Amino acid sequence: MLRWFVAVGLCIASAGAVCRAETTAAGEFTYFRADRGLADDDAGPLPETFDDKELVWRQPIAPGHSTPCVSGDRIFLTTFDGKELATLALDRATGKPLWRQVAPAKEIEKYHTTGSPAAATPACDGHRVYSFFGSYGLLCYDTDGKLIWSKPLGPFQDEFGSASSPVLVDDKLLLAEDHDRGSYLMALEAATGKTIWQTPRDGATRSYSTPIVWNVAGRRQVILAGALELTGYDLDSGRQLWQMSGLARIVNTTPAVDGDTLLVATWSPGGDTDSRIAMEPWDLAIKQWDANGDSRLAREEVTNEQVLDRFYRIDLNQDEGLDRAEWEKYARVFELARNALLAVRPADAQGKTMQVAWSYEKGIPYVPSPLVYRRVVYLCKDGGIFTSLDAATGKLLKQGRLAAAGTYFASPVAGDGKIYAISDSGVLSVLSAGGRWGLLSSHDFGERTVATPVLTDGAVYVRTEAALYCYRRGR
């Protein structure tokens, strides 16, 4: 149940998909999900067997969950060796380390043992590299590793850490931080780190989705999937434009885009129609458990396991007791949470309101983000459950098992008619793309894998907890 906070990048990965180049009017940017999980159609054939014939290099690196950021002739990622948080640059051709810069964190943020404080994926605009650590904040280096600026942030009230990754658009760097208190979305000047705007997300609770930029009615909006709510913001001012409910109580995934449609898949324990979690009414809880009659509930007084598992996050003021306001706020989260894949489209010509075109409620992933490839939506869920749906209608096309069961944190990615999905245990499934997808091959790295594979320029980069690999087909 506590796996949700890994980001993934995992999102994340990371929570998430690949970090690769997005070409814009301002230049070539790389960041988490910049390419929406898709390789260029003209990039040539991609690896399929992942045997020694396709292996270009393997570079041992310190652990971390951030997805590698490939930019120019370099690869950037973050690491945590058990003592230090660092940003690392590797040579793209050989994998050899070029530089390593340690984040000046005074202490490491709290995080679960299955996660990492090096979870957020770096961003790069070709000139500057941007790293985020919940233990410190934002750090900006030039591509040779010289510090340009830093911006301490936090600390954040969240015992499972931070995972949302920075995003580049024009001259702005976007960052979302949703935690138990003090949640916000912000935009900074990429060149200086100066805050352009910071929008409070009052009422938002912990989630780890990375924001995306969506062109709606000819105007770009910042879209953020958070606990219970999907929200659109004006890119220039940070002003909230619209909001719609129907999401899970914790969101790890990042939305996918298919033209004028957002695909938002959110799942969290207790949000399914047939297995919902609920909390007792406050008056009943006090009557049952308030042994000392002080009108608040201490941890040792409560016997509801669902509450005990979440006591830290319900106790907003951290006074080691729950009052009516804290209890009722979190009870409302349970009540409103919904697990589903939603296809969201503008309901008006200006993109000021949204509507659900279709929804689907089975096989929804916890951490891996949805993938849209050639008009098909793909979902990868724990247990190796893989689902394909028609992107226009939501019609189920196929549901089956991947080469490995177990947990999945990394998001599926696609290119060259293939789909790649890798499990936490390090088993990579290579699938033929299409509504009736099939298994082409599988490869067991034998190393834990949380980061999402990167597809770029005919190569596949796979980051495990022990190394970064580069593969090419037909070397």
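1. A quick definition before the sheet: two strands count as paired if DSSP finds at least two bridges between them. With that in hand, and bearing in mind that this is a predicted model, have a look at the open sheet made of 4 strands, which runs in the order E3-E36-E35-E34 with antiparallel pairing. Its edges are E3 and strand E34 (454-456), each of which pairs on one side only. From one strand to the next, the twist averages 15°.

2. Staying with that sheet, strand E35 (residues 459-463) and strand E36 (residues 467-472) are joined by 5 bridges in the antiparallel sense. If you want a register check, Ala459 has Arg472 in E36 as its bridge partner.

3. Next, Asp52, which you'll find in the loop between strand E2 (27-32) and strand E3 (55-60). Asp52 has a relative accessible area of 66%, so it is classed as exposed. Its C-alpha atom is separated by 44 Å from that of Leu185, with the two positions 133 residues apart along the chain.

4. On to the charges. As a general reminder, side chains of opposite charge can pair when their charged atoms come close. Searching the whole structure turns up 21 salt bridges. One of them joins Arg220 to Asp170, with the closest N and O atoms 2.5 Å apart. Arg220 sits in strand E17 (residues 219-225), while Asp170 is in the loop between strand E12 (167-169) and strand E13 (172-177), so this pair links distant parts of the chain, 50 residues apart. Both ends are partly exposed: Arg220 has a relative accessible area of 34%, and Asp170 has 27%.

5. Asp258 and Arg375 are worth a click too, since their side chains meet in a salt bridge at 2.1 Å, N to O. Asp258 belongs to strand E20 and Arg375 to the loop between strand E26 (371-373) and strand E27 (376-381), so the contact ties together parts 117 residues apart in sequence. Asp258 is buried at 17% relative accessible area, whereas Arg375 is partly exposed at 45%. Elsewhere, Asp158, Glu159, Asp180 and Arg206 are joined into one network by salt bridges that share partners.

6. Asp171 and Lys172 also form a salt bridge, with 3.7 Å between the closest N and O atoms. Lys172 is buried, at a relative accessible area of 9%.

7. Which side chain of opposite charge is nearest to the buried Arg249? That would be Asp309, at 8.5 Å. A salt bridge requires a side-chain nitrogen within 4 Å of a carboxyl oxygen, and Arg249 has no salt bridge. What the Arg249 side chain does reach is the backbone oxygen of Pro269, at 3.0 Å. Arg249 itself lies in the loop between strand E19 (240-245) and strand E20 (256-258).

8. Last, the nonpolar packing. The largest nonpolar core has 31 residues, and those touching the most other members are Tyr31, Tyr130, Phe132, Leu138, Leu153, Leu168 and Leu174. Elements giving two or more residues to this core include E2, strand E9 (128-133), strand E10 (137-142) and strand E14 (184-189). E14 gives the most, with 5 residues. Another core, of 18 residues, lies apart from this one, and among its members are Tyr360, Ile364, Val377 and Val450.

How values were computed
Residues numbered from 1 in each chain as written. Predicted model: local features only at pLDDT ≥ 70, side-chain atom pairs only at ≥ 80, totals over all residues. Heavy atoms only, no water. Buried < 20%, exposed > 50% of the residue type's maximum accessible area, 1.4 Å probe, protein only. Lys, Arg positive; Asp, Glu negative; His and termini not counted. Polar contact = N/O pair within 3.5 Å; in protein donor to acceptor, adjacent residues only side chain to side chain. Axes fitted to C-alpha atoms, helices over the stretch in contact; angles between N-to-C directions. Core = buried A, V, L, I, M, F, W, Y, C linked by side-chain atoms within 4.5 Å.
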